[in-house]
Amino acid sequence: MKYTKLIIIISLFVGIIMIVSCQKNIEQVSTTIIKSEDATVSNQNKPVVKNTSEQASEIAENWPVGEIPLIKAPLFSGTNMVDGKEFSLDSMKDYVLIIDFWAPWCPPCRAEIPGFIELQNKYKDKKFAVIGIAISSAEVDVRKFIEEQKVTYPVIMGTDKMKKDYEKAMGQIIRGIPTTLIVNRKGEIVIVHVGSEDMSLFEDEIQSLL
């Protein structure tokens with residue numbers, strides 16, 4: 001009985017360590033939804049973001065797509081780790097996008113990838129795409145994960161500049177991974193998720209923009 005209790009305690013401890021390491025010792029926050037009428041704009045046009053689930057739900061209930069004038073997703077380019085070709089965000093004009101900051105060593109990030117592959121395959125003919133930005137990771141580990149999981153969407157190695165550009169656009173630092181952005185056809189960041197989410201939520205969000 002004592003051994004059973006000890007095993008349970010150790011398992012819980014390991015689980016906590018995995019979560020903390022993935023989130024970089026930073027508190028995981030709920031869905032962040034940004035909307036023009038709920039934002040205060042400074043000289044740098046930085047929006048004030050909403051961080052509570054109650055606020056997010058309230059905004060989402062009255063979320064007319066045409067009234068989201070937000071900050072545009074910063075452009076970037078790099079080698080697509082999936083096919084070895086040069087990739088540029090500028091080539092994705094008029095696309096609805098999921099931009100996912102992730103790492104292959106992060107369990108919640110890994111868990112979301114199959115769902116992103118499914119969404120990519122399901123909606124790619126409707127000008128939708130998932131783009132993965134791998135951060136805090138070795139290129140060899142990213143390539144290995146892509147091959148193992150048979151990732152079908154572009155994956156770019158993130159740079160410090162890329163990370164800082166997106167932090168500026170969001171008006172907040174990337175405090176944990178996965179950090180996932182929903183981008184509309186105008187190239188504007190409309191929703192930011194910090195932490196893993198159910199794929200049905202992502203699908204509902206992109207469907208509203210397609």
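Rings of Phe, Tyr and Trp (its six-membered ring) pair if their centres lie within 6.5 Å. The model is predicted. By this rule, a search of the whole structure gives six aromatic pairs.

**Figure 1. The aromatic pair of Phe 101 and Tyr 166.**
The two rings meet edge-to-face. Their centres are 5.5 Å apart, with 65° between the planes. Phe 101 belongs to strand β4 (residues 96-102). Tyr 166 belongs to helix α5 (residues 160-170). The pair links distant parts of the chain, 65 residues apart. Buried or exposed? Phe 101 is buried, at 1% relative accessible area. Tyr 166 is buried too, at 0%. Phe 76 and Phe 87 join Phe 101 and Tyr 166 in one aromatic cluster.

**Figure 2. Tyr 166 and the largest nonpolar core.**
This core has 54 residues. Which of them touch the most other members? They are Ile 99 and Tyr 166. Contacts of Tyr 166 beyond four places in sequence include Ala 73, Pro 74, Phe 76 and Leu 89. Ile 99, Phe 101, Leu 181 and Ile 189 are also in contact with Tyr 166.

**Figure 3. The hairpin of β7 and β8.**
Strand β7 (residues 179-183) pairs with β8 in the antiparallel sense. The pairing runs over five bridges. Thr 179 stands opposite Val 194 in β8. Five residues lie between the strands. Gly 187 takes a positive phi near 85° in this hairpin. Six of the six residues of β8 (residues 189-194) are buried, so the strand is largely enclosed by the rest of the structure.

**Figure 4. The cis peptide bond before Pro 178.**
The bond from Ile 177 to Pro 178 is cis. Omega is near 0°. Where does Pro 178 lie? Pro 178 is in the loop between α5 and β7.

**Figure 5. The salt bridge of Lys 122 and Glu 203.**
The count for the structure comes to five salt bridges. In this one, N and O are 2.7 Å apart. Lys 122 lies in helix α3 (residues 107-123) and Glu 203 in helix α6 (residues 199-207), so the pair ties together parts that are 81 residues apart in sequence. Glu 203 is buried, at 18% relative accessible area. The cut-off for buried is under 20%.

**Figure 6. The salt bridge of Lys 163 and Glu 167.**
The side chains meet at 2.7 Å, N to O. Both residues are in helix α5. They are four residues apart, so about one helical turn separates them. Lys 163 is partly exposed, with a relative accessible area of 27%. Glu 167 counts as buried, at 14%.

**Figure 7. The salt bridge of Asp 90 and Lys 93, with Asp 94.**
The closest N and O atoms of Asp 90 and Lys 93 are 3.8 Å apart. A salt bridge needs a side-chain nitrogen of Lys or Arg within 4 Å of a carboxyl oxygen of Asp or Glu, so this pair counts. Asp 90 is partly exposed, at 38% relative accessibility. Lys 93 is exposed, with a relative accessible area of 56%. Asp 94 is not a glycine, yet has a positive phi of about 70°. Asp 94 sits in the loop between β3 (86-88) and β4. Its relative accessible area is 46%, so Asp 94 is partly exposed.

**Figure 8. The positive phi of Ser 136.**
Ser 136 is a residue other than glycine. Its phi is near 50°. Where is Ser 136 found? Ser 136 is in the loop between β5 (128-134) and α4 (139-149). Ser 136 counts as exposed, at 51% relative accessibility. The cut-off for exposed is over 50%.

**Figure 9. The whole chain, as context for the close-ups.**
The chain has six helices and eight strands. Along the sequence, the pattern is α-β-α-β-β-β-α-β-α-β-α-β-β-α. Of the 210 residues, 44% are buried. Among contacts with a separation of 6 or more, 69% join residues 24 or more positions apart. The accessible surface comes to about 11300 Å². Carbon and sulfur atoms account for 54% of this surface.

Technical notes:
Residues are numbered from 1 along each chain as its sequence is written. This is a predicted model: local features need pLDDT of at least 70, side-chain atom pairs count only at pLDDT 80 or more; totals for chains, interfaces and linings use all residues. Side-chain values use heavy atoms; hydrogens and water are left out. Helices (H or I, at least four residues) and strands (E, at least two) are DSSP runs, numbered from the N terminus. Buried means under 20% relative accessible area, exposed over 50%, partly exposed in between (1.4 Å probe, protein chains only). Contact means heavy atoms within 4.5 Å. Accessible areas come from the Shrake-Rupley method with a 1.4 Å probe; for residues, only the protein chains shown count as cover. Rings of Phe, Tyr and Trp (its six-membered ring) pair if their centres lie within 6.5 Å; planes under 30 degrees apart count as stacked, over 60 as edge-to-face and the rest as tilted. A nonpolar core is a set of buried Ala, Val, Leu, Ile, Met, Phe, Trp, Tyr and Cys residues joined through side-chain atoms within 4.5 Å. Two strands pair if DSSP finds at least two bridges between them.
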